[in-house]
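User: Hi! Could you walk me through this model with a few questions and answers?

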Amino acid sequence: MIKIKVKNSGIIKLQTIRDKDGDGDMFIAEATKNIPFKIKRVFFINNPKRRKSVRGSHAHKKFNQVIVCVNGSFVLNLDDGYTKQHILMNDPSVGIMLGPKLWHTMTDLTKNCNILVLADDFYYEDDYIRDYDEFLEHINKGQ
Ligand code: TYD
């Protein structure tokens, strides 16, 4: 059982319907029900070529997102500027909330890893903080 220690995060349980005949399981995310925002954007990452691939390495100013490992596994590294946490993502029924001001990287991606992200807004680069020192400055200013 994962326990979230960092700020601006949380565990999201996806509704799970297991097929008793083994014809595939189903995982359901519903905006404003188990996902605590209206979903405006969905993207996924697949087909990493290297185990040492690193994704993320940024924080957001305002975006809220939920990240799910649909297949395979990866390690989600969270850092709120004070506390760090590493979560092994290998269960498609578990989403992790990535709120604003949370530095995150995804590492140790298996080759069959599929990462799904649900976001509460359209993509705009202005919401990204891609420099770690800038991130620390941002949270210290309490912006
Ligand atoms: P990036 O956010 O750096 O990926 P990750 O955090 O997974 O490592 O995005 C990679 C590139 O894709 C970057 O140039 C921005 C672009 N991008 C979009 O155009 N739209 C999107 O919705 C996202 C998530 C990224």
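Analyst: Happy to. One term before we begin: a contact here means heavy atoms within 4.5 Å. Please keep in mind that this is a predicted model.

User: Thanks! Which residues does Gln65 touch, leaving out those up to four places away in sequence?

Analyst: Let's place the residue before listing its partners: Gln65 lies in strand 6, which covers residues 65-71. Leaving out residues up to four places away in sequence, its contacts are Phe37, Arg41, Phe43, His60, Ile96, Met97, Leu98, His104, Val117, Leu118 and Ala119.

User: Is Gln65 buried or exposed?

Analyst: The cut-off for a buried residue is under 20% relative accessible area. Gln65 has a relative accessibility of 3%, so it counts as buried.

User: What is the order of helix and strands along the sequence?

Analyst: The protein has 12 strands and one helix. Reading along the sequence, the pattern is β-β-β-β-β-β-β-β-β-β-β-β-α.

User: What percentage of the contacts between residues at least 6 apart joins residues at least 24 apart?

Analyst: Here we consider contacts in the protein between residues at least 6 apart in sequence. Of these, the share that joins residues at least 24 apart is 76%.

User: How does the radius of gyration fit the value for a compact globule, and what is it?

Analyst: For 143 residues, a compact globule would have a radius of gyration near 15 Å. The value for the protein agrees with this, as it is 15 Å.

User: How many aromatic pairs are there, and what kind of pair do Phe63 and Tyr124 form?

Analyst: The count comes to six aromatic pairs. In the pair of Phe63 and Tyr124, the ring centres are 5.0 Å apart and the planes make an angle of 80°. Planes over 60 degrees apart count as edge-to-face, so with its 80° this pair is edge-to-face.

User: Where in the chain are those two rings, and how many residues separate them?

Analyst: Phe63 is in the loop between strand 5 (55-60) and strand 6, and Tyr124 is in the loop between strand 11 (114-119) and strand 12 (128-129). The pair therefore links distant parts of the chain, and the separation is 61 residues.

User: Which of the two, Phe63 or Tyr124, is buried, and which is partly exposed?

Analyst: Phe63 has a relative accessible area of 1%, so it is buried. At 33% relative accessibility, Tyr124 counts as partly exposed.

User: Which residues do ring pairs link into a cluster?

Analyst: Phe63 and Tyr124 belong to this cluster, together with two other tyrosines. In full, the cluster is Phe63, Tyr123, Tyr124 and Tyr128.

Definitions and conventions. Residues numbered from 1 in each chain as written. Predicted model: local features only at pLDDT ≥ 70, side-chain atom pairs only at ≥ 80, totals over all residues. Heavy atoms only, no water. Helix = DSSP H or I, 4+ residues; strand = E, 2+ residues; numbered from the N terminus. Rg over C-alpha atoms; globule rule 2.2 N^0.38 Å. Buried < 20%, exposed > 50% of the residue type's maximum accessible area, 1.4 Å probe, protein only. Phe/Tyr/Trp six-rings, centres within 6.5 Å; stacked < 30°, edge-to-face > 60°.
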